[in-house]
Amino acid sequence: MTFRSAVITFPGSNCDRDMADALEKVSGTAPHRVWHGDADLPDGLDFIALPGGFSYGDYLRSGAMAARSPVMQAVIAAANRGVPVLGVCNGFQVLTESGLLPGALLRNAGMNFVCREVKLTVENSQSLFTAGYAAGQQITIPVAHHDGNYFADEATLDRLEGEGRVAFRYAEPVNGSARQIAGVLNAAGNVLGMMPHPERMIEAEQGGTDGRALFESAVKALVSA
């Protein structure tokens, strides 16, 4: 079975090629490249990725304008049908702004852009994105963001924790995120948003391979299904 994926590009995306490269190297099949102004997605997709960048120059709020791009109606419909959707960095911001994930991404504590490798703890190893990791495993993934401070009210945070929807947690303070949350899942487990960039850690030449298991997990789960 061929793995059919798509990477969405918004005006200001700058990690779409990195994401497409990661998906092709892990799955063996190049993803479809979809422009934000398209009204429809290719048929029969197994996986959709919203990449990092600075869509629309981060005007209004990061991801707010991109969340209202024509293609997002198709992405939302696909997610609601159960198609896996991964949003990384700006893609995570778009997922919260579109309502596919709860919470919001605020300016980093200290108002500084953070660009470095960080340690993450895998909190949920049962999702299709994280099955290649062990619960409690520490991995190293780079971050590069100015608005990565995850915020939600206490009731929402308690619900995310109680339902096992915190996928990754920073092992140390990075940006002020509530409860050090670095990535969250939707209730169905088919939508993951995370600020760190796993696509930048899939080959030894990039400095490590800790991000590769995320893509391998998804490909294995979807192809075997």
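Colleague: Hi! Can we start with Leu41? Which residues does Leu41 touch, not counting residues up to four places away in sequence?
Modeller: Sure! Leu41 touches Ile8, Val34, Ile48, Val71, Ala74, Val75 and Ala78, with residues up to four places away in sequence left out. Keep in mind that this is a predicted model.

Colleague: Got it. And which residues have the most contacts inside the largest nonpolar core?
Modeller: Those are Leu41, Ile48, Leu86 and Phe168. So you meet Leu41 again here, and Ile48 is also one of the residues that Leu41 touches.

Colleague: How many residues are in that core?
Modeller: The largest nonpolar core has 72 residues. Its largest share comes from helix α2 (residues 70-80), which gives seven residues.

Colleague: Why would residues like that gather at all?
Modeller: As a general pattern, nonpolar side chains in soluble globular proteins tend to be buried together.

Colleague: Nice. New topic: rings! How many aromatic pairs are there?
Modeller: The count comes to four aromatic pairs. One of them is Phe3 with Phe47, and this pair is tilted, with 5.9 Å centre to centre and 45° between the planes.

Colleague: Where do Phe3 and Phe47 sit along the chain?
Modeller: Phe3 lies in the segment before β1 (5-9), while Phe47 is in strand β3 (residues 47-50). The pair therefore ties together parts that are 44 residues apart in sequence.

Colleague: Is Phe3 buried or exposed? And what about Phe47, buried or exposed?
Modeller: Phe3 counts as buried because its relative accessibility is 3%, and Phe47 is buried too, at 0% relative accessible area. The cut-off for buried is under 20%.

Colleague: Which residues form an aromatic cluster with Phe3?
Modeller: Phe47 and Phe129 do: together with Phe3 they form one aromatic cluster.

Colleague: Can you show me another pair? What is the arrangement of Phe92 and Tyr150?
Modeller: Phe92 and Tyr150 are stacked, at 5.9 Å centre to centre with 15° between the planes. Phe92 lies in helix α3 (residues 90-97) and Tyr150 in strand β8 (residues 149-151), so this pair links parts 58 residues apart in sequence. Phe92 is buried, with a relative accessible area of 0%, and Tyr150 is buried at 1%.

Colleague: Last one, about Ser127. Where is Ser127?
Modeller: Ser127 lies in the loop between β6 (114-122) and β7 (138-145).

Colleague: In a loop, okay. Is Ser127 buried or exposed?
Modeller: Ser127 counts as buried, because its relative accessibility is 7%. Leaving out residues up to four places away in sequence, Ser127 touches Leu185 and Gly189.

Notes: Residues numbered from 1 in each chain as written. Predicted model: local features only at pLDDT ≥ 70, side-chain atom pairs only at ≥ 80, totals over all residues. Heavy atoms only, no water. Helix = DSSP H or I, 4+ residues; strand = E, 2+ residues; numbered from the N terminus. Buried < 20%, exposed > 50% of the residue type's maximum accessible area, 1.4 Å probe, protein only. Contact = heavy atoms within 4.5 Å. Core = buried A, V, L, I, M, F, W, Y, C linked by side-chain atoms within 4.5 Å. Phe/Tyr/Trp six-rings, centres within 6.5 Å; stacked < 30°, edge-to-face > 60°.
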